[in-house]
Structure formats: C-alpha cells, structure tokens
Amino acid sequence: MDWLLIRGLARESAHWGDWPEQLRRARPGDTFHTVDLPGTGLARDFRPPNSIAEARQFADRVTRWLPRPVGLIGLSLGGMVALDWALNRPADCASLVLISSSSRLSPPWRRMRPAQWAPVMRMLAQADSDTRERAILALTSNRPIRGEVAQQWQAIQRERPVRRGDVMRQLYAASCYKPPLKVPKMPTLVLTSYRDRLTDWRCSRDLAKALECPLELHPDAGHDLPLDDSPWLIEQLNAYFPVDECVQARTD
C-alpha cells in the first residue's frame, strides 16, 4: 500500500528525519511518500490557506500522481489535514493514522496548554532562526536535544525559511478546524503521548471517541512522537495495520 506522510505547523517533509526510511525497512511491502503543505518546504512559495479544507485540497492536487486509495499519516496540524481528507473524500483513503493531533472537539486550553502560550509567542517573535529551532525542539521533544538533529533543523530553516505570516495563517486554520461528525470508512488509529507538553493528550482521546477508533498512548514521549520514539510508532502501525494484510490488499 502507498502511504502519504503529512507534517505539522511550520514543518516540512525534511523534519521527518529518517523516519520514512525506517518505515520502508520495517514495511518493505509498502511505499511511503511525503508532501509539503503551503508555506513550507517545496511549497514555501504558496501562501497558506485560511482553512484546513483548503490545505487538504492543495495536498490532494500535488499528489494526484499517487494511486488511490492511499494511507494517510498526519502529525499535529498534518493530522487535521489527513482527517479532513478521510472524512470528505473517503474513496481516496485506505487507512488513517493521526499523531499528536487535535480539533475544536477539544477546548482551546487543551489544544495548546496555557503554560506554552507565552513561550510559543516568544518563539514566533524570535529573530534568530537557530535559536528558534532549538526552542521548538525543546518544546516538542521530551528527549535530550541531539546536536545533529538541532543542526539539521537549523539548516532546513536557513535553506527554506518559513515566513512568520505563513505560520500565523497555519495557526489560524488549525484553531478553526472542527471535523464533521462522521465516522471514517477506513481503518483508523489515533496515537499520542501522555506527556505531550504542547497539546493535552485528551485532545486525541476526544478525536478517538468521536471517530470510534482505537487510541494508543505513549507513556513519556513529547509532541513530536516520530522524533522521540519512532520504533514505538512503527510497532503501533504494525499491530493495527499488519504488513501481510497490507501486502495482500496491494496485490488484490
């Protein structure tokens, strides 16, 4: 099966690090692709829309070359895009995985913990991009910051900087997103961490309850689960979407 990975706020495909390659090794019968949302990465010259639905439409257009249906894996804001895609165009989606995501099904003080409001505003105002990237890592990861990861993220920002106005537009779109009250027609899994310091884990619980799907909780990772514990994520994918079944579905 083909899977499409969608990153979150102000992040691009390169911020997945080596997780797509880890997935390819763990699931050799599947193919993994990435997409950049407007304002980031290869799509940084496109102005971010004011809604998640428009971001989803953009992602759909630029990945039209992928066979449908495709599995969707979305992190944070990317999870909102993936969910909107699955609920509005179910024929396009074979499976759905939401990581550290949220919606207006949860109150705003859970979608972004109040203790982080001021630090996030300071990060947005920070002129030095290297300092800002280290601050983002410190907020979204619960592990010691590895030098090579910090250097990689700093290099991404220097090479393909995300404009402050584009971040604000993405934030606005995310803050307004409330999914339609539908149950996905495809296998769905919600993943989060109990110790996420940015978004309360109960946002994922609210999503899983509304979507009538399983919720798996990591005990101590941060918001960026692929960075903090990618093997755990792969274990969950393999448990809920067995490799043999995916290979069979691809050959049918």
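Which residues do ring pairs link into a cluster? In this predicted model, the ring pairs join W3, F32 and F241. The model is read with a pLDDT of at least 70 for local features and 80 or more for side-chain atom pairs, whereas totals for chains, interfaces and linings use all residues. Residues are numbered from 1 along each chain as its sequence is written, and side-chain values use heavy atoms, with hydrogens and water left out.

**Confidence**

Mean pLDDT (the predictor's confidence in each residue, from 0 to 100) is 95 for the protein chain, and 96% of the residues reach 70 or more. Residues 246-252 stay under 50, and the model gives this segment 10 contacts beyond four places in sequence; contact means heavy atoms within 4.5 Å.

**Rings and charges**

The structure contains five aromatic pairs. Rings of Phe, Tyr and Trp (its six-membered ring) pair if their centres lie within 6.5 Å; planes under 30 degrees apart count as stacked, over 60 as edge-to-face and the rest as tilted. Arginine side chains also lie over tryptophan rings: R7 is placed over the face of W16, 4.9 Å from the ring centre, and the charged end of R205 sits over W201, at 5.7 Å from the centre of that ring. The criterion is NZ of Lys or CZ of Arg within 6 Å of the ring centre and within 35 degrees of the ring normal.

**Helices and their buried residues**

Helices (H or I, at least four residues) and strands (E, at least two) are DSSP runs, numbered from the N terminus. Buried means under 20% relative accessible area, exposed over 50%, and partly exposed in between (1.4 Å probe, protein chains only).

Helix α8 spans residues 164-176, 13 in number, and reaches 19 Å from its first C-alpha to its last, close to the expected 18 Å; the expected span is 1.5 Å times one less than the number of residues. Its buried residues are D166, V167, R169, Q170, A173 and A174. These residues lie on the same side of α8 because they cover an arc of only 160° around the axis, the arc being that of the directions from the helix axis to the C-beta atoms. An α-helix has 3.6 residues a turn, so residues three or four places apart point the same way. The cover over the buried residues of α8 includes α2 (52-62), α3 (77-88), α4 (108-111) and α5 (117-125).

In α2, the buried residues I52, A55, R56, F58, A59 and D60 pack against β2 (31-35), α3 and α8. Helix α9 (residues 202-211) buries C203, S204, D206, L207, A208 and L211, and these pack against α3, β4 (93-99), α4, β5 and β6 (215-218).

**Individual buried residues**

The table lists buried residues with their places in the fold.

| Residue | Place | Relative accessible area |
|---|---|---|
| G78 | helix α3 | 0% |
| T192 | strand β5 (188-193) | 1% |
| S100 | loop between β4 and α4 | 1% |
| A10 | loop between β1 (2-6) and α1 (19-26) | 10% |
| W232 | helix α11 (230-240) | 12% |

Setting aside neighbours within four places in sequence, W232 is in contact with L191, T192, E216, L217, H218 and L225. On the same basis T192 touches S100, W201, S204, L215, E216, L217, H218, L225 and W232. The C-alpha atoms of W232 and E21 are 15 Å apart in space, although 211 residues separate them in sequence. G78 contacts I6, R7 and G8 beyond four places in sequence. Between the C-alpha atoms of G78 and N88, which are 10 residues apart along the chain, the separation is 15 Å.

**Backbone geometry**

Most residues other than glycine have a negative phi, and most peptide bonds are trans. A10 departs from this with a positive phi of about 60°, and S100 likewise has a positive phi, near 50°. E212, which follows α9, has a positive phi near 55°. A cis peptide bond joins R68 and P69, with omega of about 5°; P69 lies in the loop between α2 and β3 (70-75).
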